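Open the model in your viewer and keep the selection box handy. This tour goes from one selection to the next and says what to look for at each stop.

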Amino acid sequence: MRNTNWMIPALLALAITAVAQQSASAPSNSQGQTAQAASGPAQPTLAPPTTMDQVVDRAIMRERELIEFLAPRTPVVETYLQNLTQDPQLGPIPDNDRYFLGRMDLSDSIDRSDFLSDKGKGGKDNDDESMERHLLGGFSKMFKFQYQPLGFSWMIYADRNDFDRQHYDFRYARREFLGDVRCLVFDITPKKDAGRGRFLGRIWIEDQDFNIVRLNGTYVRPSRNNYYFHMDSWRLNLIPGYWIPAYIYSEEGDFTAGAKNKIAFKAQTRLWGYNLKTGTASDELTQIRVDSVKDETPTAQDASPLAAEREWQQQAEDNVVERLERAGLLAPEGDVDKVLQTVVNNLEITNNIELPRPVRTRVLTTSPLETFSVGNTIIVSRGLIDVLPDEGSLAMVLSHELAHIVLGHNLGSQYAFNDRMLFSDEATFHNLGFKHIPEEETAADKKAVEMLKASPYAQKLETAGLFLKALQARAGQLTALLQAHLGNSITVNGTVARMAELENGAPALDWNKLDQIAALPLGGRVKLNAWDSKVEMVKAQPVAITSARDKMPFEVTPFFPRLSRYNAVSEPAANAASATAASNPAAATTAAANTTPTPSN
Ligand SMILES: [Zn+2]
């Protein structure tokens with residue numbers, strides 16, 4: 001029913017015009033003039049609120065519309081958590097870590113299914129699981145302390161069912177800019193008899209359409225065996241008319257002298273792939289590619305045995321890349337790929353490597369540090385790109401996979417059979433795997449070092465070695481971050497198992513040396529678009545490090561995205577227009593829907 005409405009060309013054209021106008025107009029007159037003019041005849045225009053009570057009413061209405069808009073969607077949700085311990089010198093550092101990855105069902109309630117859960121659990125575990133599923137936004141302490149993955153993502157809404165004046169008091173606090181967006185800030189307290197698990201905290205409401213853009217607080221009145229933790233939840237205006245939940249930061253712990261709280265952790269939750277298709281079986285069948293590739297070779301002969309072998313590899317490669325992308329695990333081709341591609345090219349050219357098919361690079365959307373290759377495609381995880389300190393260390397990571405390709409260590413030809421692509425998204429890690437045997441790992445390392453030494457990165461290998469030393473220093477604590485899900489893990493049994501030669505050749509690791517940056521915190525380099533899973537390099541200003549505690553290698557930190565409005569994000573009008581056309585239902589709500597809070601249904 002949505003489809004009928006949002007593909008109307010006239011509306012789309014209107015959206016494009018509005019975007020073009022908006023991007024040309026000066027920021028000072030952004031207060032609704034343009035948008036009102038373009039809002040279209042069908043959409044009733046709401047008068048701007050004149051009192052704070054009216055602002056609250058509008059925000060409540062917009063929240064309901066967001067809940068309805070997102071109800072049919074199942075974004076990918078990832079939580080990476082580090083339990084903390086106090087280091088006298090470095091402050092709180094990770095002691096151990098946990099990783100959760102799933103798809104979230106936003107239909108009736110908030111629910112999720114996990115990529116990582118073990119199949120065929122025993123009865124007791126299943127009981128736990130069903131209890132977890134109904135547990136609201138926290139963690140439980142039935143038999144042992146246990147994190148509930150769902151809890152971390154609960155705060156995409158303040159209160160999915162009862163966000164209204166009957167259950168909450170709203171108190172205006174002040175105006176405040178978040179990035180480029182002016183917000184009205186309200187403190188929210190649940191009414192006395194509102195019941196358990198109600199939101200307590202602060203919300204930021206942007207002052208044009210009155211969408212909630214940030215929530216910060218916790219839930220109150222826990223039951224006997226569960227607790228709620230604190231969360232800071234951010235939304236981004238990635239499509240016209242809606243602010244999409246994208247990041248949630250959670251933190252607990254008190255390291256002041258005499259503190260009683262034994263729980264100390266910090267966790268990042270990311271959501272992405274809201275535009276993904278929900279993976280029903282019939283959907284998968286219709287999506288399998290059956291149209292044959294047109295034969296472009298000049299001769300009309302059958303493929304030679306070797307050519308057939310290569311064709312077969314290509315087919316497997318294409319299948320896997322397409323399948324991972326459809327599951328939201330591989331970012332669509334983009335600018336980050338070009339950065340990786342440049343490094344691969346540098347290695348190839350200086351080593352006179354000529355392959356029958358070009359090497360491509362892609363980004364896995366997840367945080368755990370891993371690389372693998374399928375056919376001639378090298379895949380690097382977002383988390384790994386984040387923590388690498390420089391281009392030399394990126395070259396180190398890529399050279400290992402390039403070596404596998406050069407040495408012909410091809411894996412995955414079984415995926416040329418299309419039936420092997422028929423599985424649910426959540427079962428991806430059970431159905432795909434690209435782990436090499438130890439002998440191939442050793443051979444790839446040897447070849448990689450050889451290539452690096454003949455490349456422009458030969459002089460930059462000290463930092464690459466330092467990165468491996470930093471990894472070694474945290475390997476015992478960060479087992480979840482270092483657990484590869486598709487390829488070989490960089491560490492084996494707590495020891496870095498890659499490029500030992502570079503690690504041994506590096507200077508001593510010294511956390512106190514402020515100019516020695518061996519590894520970066522997570523999230524510093526690659527930005528993942530919550531709507532369409534595209535990745536781009538972050539353009540953040542470098543901040544000077546003033547103490548060893550500022551280094552935070554491999555650590556999670558709070559989120560502070562710079563908020564801006566949709567039409568201000570996409571600079572060239574042409575790009576904005578194509579983005580609008582590509583991004584699902586929201587295209588209906590014209591760019592003008594920024595001020596017209598009527599959803600397309
Ligand atoms: Zn390998």
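**Stop 1: the zinc site**

Select His-400 and His-404: both are buried, where buried means under 20% relative accessible area, exposed over 50% and partly exposed in between, with a 1.4 Å probe and protein chains only. This is a predicted model, in which local features need pLDDT of at least 70 and side-chain atom pairs count only at pLDDT 80 or more, while totals for chains, interfaces and linings use all residues. Residues are numbered from 1 along each chain as its sequence is written, and side-chain values use heavy atoms, with hydrogens and water left out.

Now add the zinc ion and Glu-441. Coordination comes from His-400 (NE2), His-404 (NE2) and Glu-441 (OE), at 2.0 to 2.1 Å. Donors here are N, O and S atoms within 2.8 Å of the metal (3.2 Å for Na, K and Ca), and since water is not among the atoms, sites may look incomplete. Along the sequence, the spacing of the donor residues is H-x3-H-x36-E.

Which helix holds both His-400 and His-404? Select residues 391-406, helix H11: the two histidines lie in it four residues apart, about one turn of the helix. Helices (H or I, at least four residues) and strands (E, at least two) are DSSP runs, numbered from the N terminus.

**Stop 2: the helices around H11**

Keep H11 on screen and add helix H13, residues 438-453. The axes of H11 and H13 come within 8 Å and cross at roughly 120 degrees. Axes are lines fitted to C-alpha atoms, for helices over the stretch in contact, and angles run from 0 to 180 degrees between N-to-C directions. The two helices are therefore oblique to each other; angles under 35 degrees count as roughly parallel, over 145 as roughly antiparallel, 65 to 115 as roughly perpendicular and the rest as oblique. The crossing of H11 and H13 is right-handed, a crossing being left-handed if the near helix is turned anticlockwise from the far one by less than a right angle, and right-handed if clockwise.

To light up this interface, pick the residues that meet across it, including His-400 and His-404 in H11 and Glu-441 in H13. Ala-395 and Met-396 of H11 are also among them, as are Ala-444 and Met-451 of H13.

Next, bring in helix H9, residues 335-350. H9 packs against H11 at an angle of about 70 degrees, with the axes 9 Å apart, so H9 and H11 are roughly perpendicular to each other. This crossing is right-handed as well. Among the residues making the contact are Val-339, Val-343 and Leu-347 of H9, and Leu-394, Leu-398 and Leu-402 of H11; contact means heavy atoms within 4.5 Å.

One more helix to add is H14, residues 461-474. H11 and H14 pack at about 70 degrees with their axes 7 Å apart, which makes H11 roughly perpendicular to H14. Gly-392, Ser-393 and Met-396 of H11 make this contact with Ala-464, Phe-467 and Leu-468 of H14.

**Stop 3: a three-stranded sheet**

Select S14 (360-364), S15 (371-374) and S16 (residues 377-381). These three strands form an open sheet in the order S14-S16-S15, with mixed pairing; two strands pair if DSSP finds at least two bridges between them. S14 and S15 stand at the edges with a single partner strand each, so one side of each is left without a neighbour in the sheet. Neighbouring strands are turned by 25 degrees against each other on average, direction ignored.

S14 and S16 run parallel and are joined by five bridges; look for Arg-360 opposite Thr-377 in S16. H9 returns here, packing on the sheet and touching S14 and S16, with its direction at about 135 degrees to that of S14.

**Stop 4: Pro-368**

Is Pro-368 buried or exposed? Zoom in on the loop between S14 and S15, where Pro-368 lies: at 0% relative accessibility, it counts as buried. Leaving aside neighbours within four places in sequence, Pro-368 is in contact with Glu-78, Tyr-99, Ser-381, Ala-480, Leu-481, Gln-483 and His-485. Try a distance label to Ser-489 too: the C-alpha atoms are separated by 9.4 Å, with the two positions 121 residues apart along the chain.

**Stop 5: strand S9 and its partners**

Finish with S9, residues 212-220, where eight of nine residues are buried. S8 (residues 198-206) runs antiparallel to S9 and is joined to it by eight bridges, with Arg-202 partnered by Asn-216.
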